[in-house]
Amino acid sequence: MYDIDNLCFIDTETLSRADLKATGIYPYSADPSFRVMIVTYAIGDGPVQIWKQDRAHLGAWLDWNDAPDDLLTFLERVEAGEAHFVAWNAAFDRLALSRGIKGYSNAKPEHFMDAMVQAVRSHLPPDLASAGRVAHAAIQKRPDGKRLIQKFCVPPFADPVEHPAEWDAFTLYALDDIPPMRAVWQATLPLSDLAWQQYWASEHINDAGMPVDVEFAEKAGELAIENARRADFDIHRLTGGAIKTVNQHVALCDWVVARIGHMSEAVAILLRDVVEEQDEAGDGVTRLETYSLERSRVEDLIAYLERIGGERGLTDDETAVLEVLRVRAFGASATPKKFVKLLPMVSEGDRLRGQYVYYGAAATGRFSSRGLQIHNLARATVGKQDVELAVIDKILDGASYDDLTQYGPVGRTLSRLIRPVFVAPDGYKMLWADYSAIEARVLPWLGEAFGAGPVLDIFRENDADPSLPDIYKQQAGSILNKDPREVTKAERQSHGKVPVLSLGFGGGKGALFAMARNYGASFTDDEAGDIVEKWRATNPWARRYWDDTWEAAIWCMHNHNQLRPVGSRLHYVYLPDYMHGTLACILPNGEPLLYPMLRWEMRERKDKATGKVEVREQLTYRRGYGRAALWYGTLVENAVQAVAGAILKNALLCLHQTHPQLVVGHTHDEVIALCPTPDVADGRAALVRAMLALPDWAGGLPMTCEASESFYYTKTID
């Protein structure tokens with residue numbers, strides 16, 4: 001734990017002509033107009049201090065040479081590695097203090113610790129005002145802050161001299177940031193030294209940024225705008241003028257349901273809720289059904305109608321619905337619009353920076369992603385690499401919307417070209433390596449004590465000899481009663497990969513259907529039930545692991561502060577004095593997953609198909625702005641993803657220590673690097689070496705990764 005006397009809690013109020021929401025903090029702070037107006041700070045437990053100017057809107061600067069003596073002295077300690085600044089969303093204040101004030105351009109990630117990261121790890125909300133309320137901070141943020149920010153921080157920038165009363169109120173608002181931040185920091189469990197080292201490595205990756213082909217993004221963005229316009233036109237045409245735009249969700253849903261009402265399975269796909277109300281006369285019940293065209297349901301219904309079309313053909317109405325759904329799927333998708341969204345976020349050197357949030361996923365400790373959401377880029381491609389490059393060249397050459405229709409729906413084509421927007425600059429290549437089936441490996445590794453050893457052996461044997469059937473073929477063979485060597489590529493995907501990735505956390509048919517959408521697989525309800533049953537029959541260790549996890553959680557709630565093992569690699573403990581009672585899962589690396597404010601409560605659960613409401617007691621915990629139910633599936637899934645995330649963080653830290661300029665991005669199971677072309681072989685070897693250098697605590701976990709390289713980021717390379 002860091003001595004509070006070595007911490008300075010600090011916050012800034014800034015102005016810039018750039019739109020922070022649209023650009024993110026890097027372009028915002030790089031704008032020539034960017035200035036710091038107010039700095040508030042408190043060293044250790046000391047009083048809150050303020051350093052300010054009222055002429056920033058005229059281009060005036062604060063200067064570190066004129067900073068208060070105590071702050072200047074503390075800065076010297078920070079630069080000497082003896083102390084740290086603590087800020088909320090620290091990257092913003094790090095850039096503000098180094099770019100918006102003269103005289104301190106050497107602000108490094110290692111100079112800062114992020115109070116938001118520590119708060120979110122305990123499931124507090126990510127905004128300071130809400131987190132302060134949860135922590136019962138004595139001073140809360142003032143409610144008029146947003147109005148005052150609009151007045152002084154956003155163009156046309158009100159002059160503080162002309163608005164003295166509001167400027168005084170804004171100053172008080174700024175002063176109010178420090179007490180709740182300090183209160184939250186002191187009320188939450190400290191992060192370990194290792195966690196802060198990983199955070200600093202992550203911030204260096206944020207500073208490096210992914211290289212962007214701006215010209216391609218601009219031209220693809222123009223096509224995305226045209227795609228949205230045409231989608232509205234097609235919806236209007238296909239519905240005979242009944243619906244004017246693709247985003248008229250309710251009207252479009254009603255139109256679809258009216259034409260497939262005779263297809264009970266199709267209607268059930270869109271059913272969102274059922275409410276039964278007593279008639280006014282009191283002599284009956286009215287059943288009210290509501291439907292949804294959310295993306296997952298649209299994809300499921302498209303797959304269903306395509307299957308029916310192959311079996312018996314579709315009527316005119318059914319065909320019209322299928323066409324409308326396809327327009328909806330690719331015309332209402334936000335993915336093509338990412339090209340337009342991307343452009344304002346690109347900063348100096350044509351880099352996309354600041355995309356990662358360390359510990360952004362509180363339940364697992366994994367990174368989350370902001371801005372373009374690099375973690376969630378489409379994996380599908382428009383074809384093999386020659387086709388992909390041909391499409392990209394057409395777009396760069398100014399292809400029209402109609403020129404691209406030969407490749408299918410234009411919205412879908414654009415959605416599958418998001419990855420190639422990242423292109424290495426001249427003289428460089430992009431490298432990336434991803435862990436092979438990391439979660440499918442971690443799950444049986446955690447459950448080895450319950451009999452999962454044979455599953456791990458499959459991985460070990462396949463890693464040693466890739467010609468052997470892998471885990472997905474083995475599982476598909478068990479489900480289909482086939483020799484694994486005879487399992488087809490499609491069967492490996494549908495009956496192997498989909499169940500392996502979806503059923504390990506206690507889920508049933510719903511989990512299977514959700515995963516199937518990601519891989520283009522489709523099952524009937526009976527087929528899904530059969531797959532779930534056979535997966536569980538061939539993996540009996542999983543049920544034993546789930547049950548023991550739940551038994552451990554309940555046991556800990558009755559035996560405070562006592563560790564209870566689950567298998568040989570996880571421990572649970574209940575901490576009654578932390579956050580009004582917190583269940584902690586101690587991972588193999590010693591880091592905790594926290595479930596704070598744990599309690600039993602009566603909750604309603606509605607069967608969406610029947611409308612019947614069941615009231616039952618559930619274990620819940622505080623999560624962000626509300627509460628979430630806890631069951632063995634959640635605990636198991638979180639532990640697996642946390643271990644997988646810890647392995648990725650270990651690799652990122654190793655690479656930062658040995659090759660600090662190499663890594664520019666990552667996803668849940670992949671590290672992305674940028675390397676000078678002459679050094680590609682060495683860079684690739686370093687990438688793989690770091691990813692496979694598992695920490696001591698991961699002993700016995702079979703792991704492999706696959707590396708690729710190209711002048712751009714793509715999934716077309718086998």
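Which residues does Ser 708 touch, not counting residues up to four places away in sequence? Keep that one in mind while we get our bearings. What you're looking at is a predicted model, and we'll take it a piece at a time.

Let's begin with a sheet. It is an open one, built from five strands in the order E3-E2-E1-E5-E7, and the pairing is mixed. At the edges you'll find strand E3 (49–52) and strand E7 (112–114); each has a single partner strand, so one side of each is left without a neighbour in the sheet. Follow the strands across and you'll see them turn: neighbours are rotated by 30° against each other on average, if you ignore direction.

Now zoom in on the E7 edge. Strand E5, which covers residues 84–87, pairs with E7 in the parallel sense, over three bridges. If you want a spot to look at, find Ala 87, which stands opposite Asp 114 in E7. Then swing over to helix H8, residues 164–175. Helix H8 lies across E1, strand E2 (35–43) and E3, and runs at about 45° to E2.

Strand E1 also leads us to a pocket. Strand E1 (7–15) is one of the elements that each supply at least two residues to the lining of the second largest pocket. The others are helices: H1 (20–23), H2 (25–30), H4 (90–99), H6 (128–134) and H7 (145–152). This pocket has a volume of about 1600 Å³. Its lining takes in 46 residues, and if you're hunting for the centre, Leu 20, Asn 89, Phe 92, Ile 149 and Tyr 173 are the ones that lie nearest to it. What is the lining made of? Its residues divide into 20 nonpolar, 11 polar and 15 charged.

Next, hop further along the chain to Phe 367. You'll find Phe 367 in strand E14, residues 366–369. Its relative accessibility is 6%, so Phe 367 counts as buried. Try locating Asn 650 from there: Phe 367 and Asn 650 are 283 residues apart in sequence, yet 13 Å apart in space, C-alpha to C-alpha.

That brings us back to Ser 708, which has its place in strand E25, residues 705–710. Is Ser 708 buried or exposed? With a relative accessible area of 13%, Ser 708 is buried, because the cut-off for that is under 20%. As for the opening question, Ser 708 touches Met 430, Leu 431, Trp 432, Arg 684 and Ile 717, once residues up to four places away in sequence are left out.

Terms used:
Residues numbered from 1 in each chain as written. Predicted model: local features only at pLDDT ≥ 70, side-chain atom pairs only at ≥ 80, totals over all residues. Heavy atoms only, no water. 1 Å grid on protein atoms, 1.4 Å probe; cavity = no way out; pocket = protein on both sides within 12 Å on 5 of 7 lines; lining within 4 Å. Points joined across faces, edges and corners; volume = space filled by probe spheres on them. Helix = DSSP H or I, 4+ residues; strand = E, 2+ residues; numbered from the N terminus. Nonpolar A, V, L, I, M, F, W, Y, C, P; charged D, E, K, R; others polar. Pairing = 2+ DSSP bridges. Axes fitted to C-alpha atoms, helices over the stretch in contact; angles between N-to-C directions. Contact = heavy atoms within 4.5 Å. Buried < 20%, exposed > 50% of the residue type's maximum accessible area, 1.4 Å probe, protein only.
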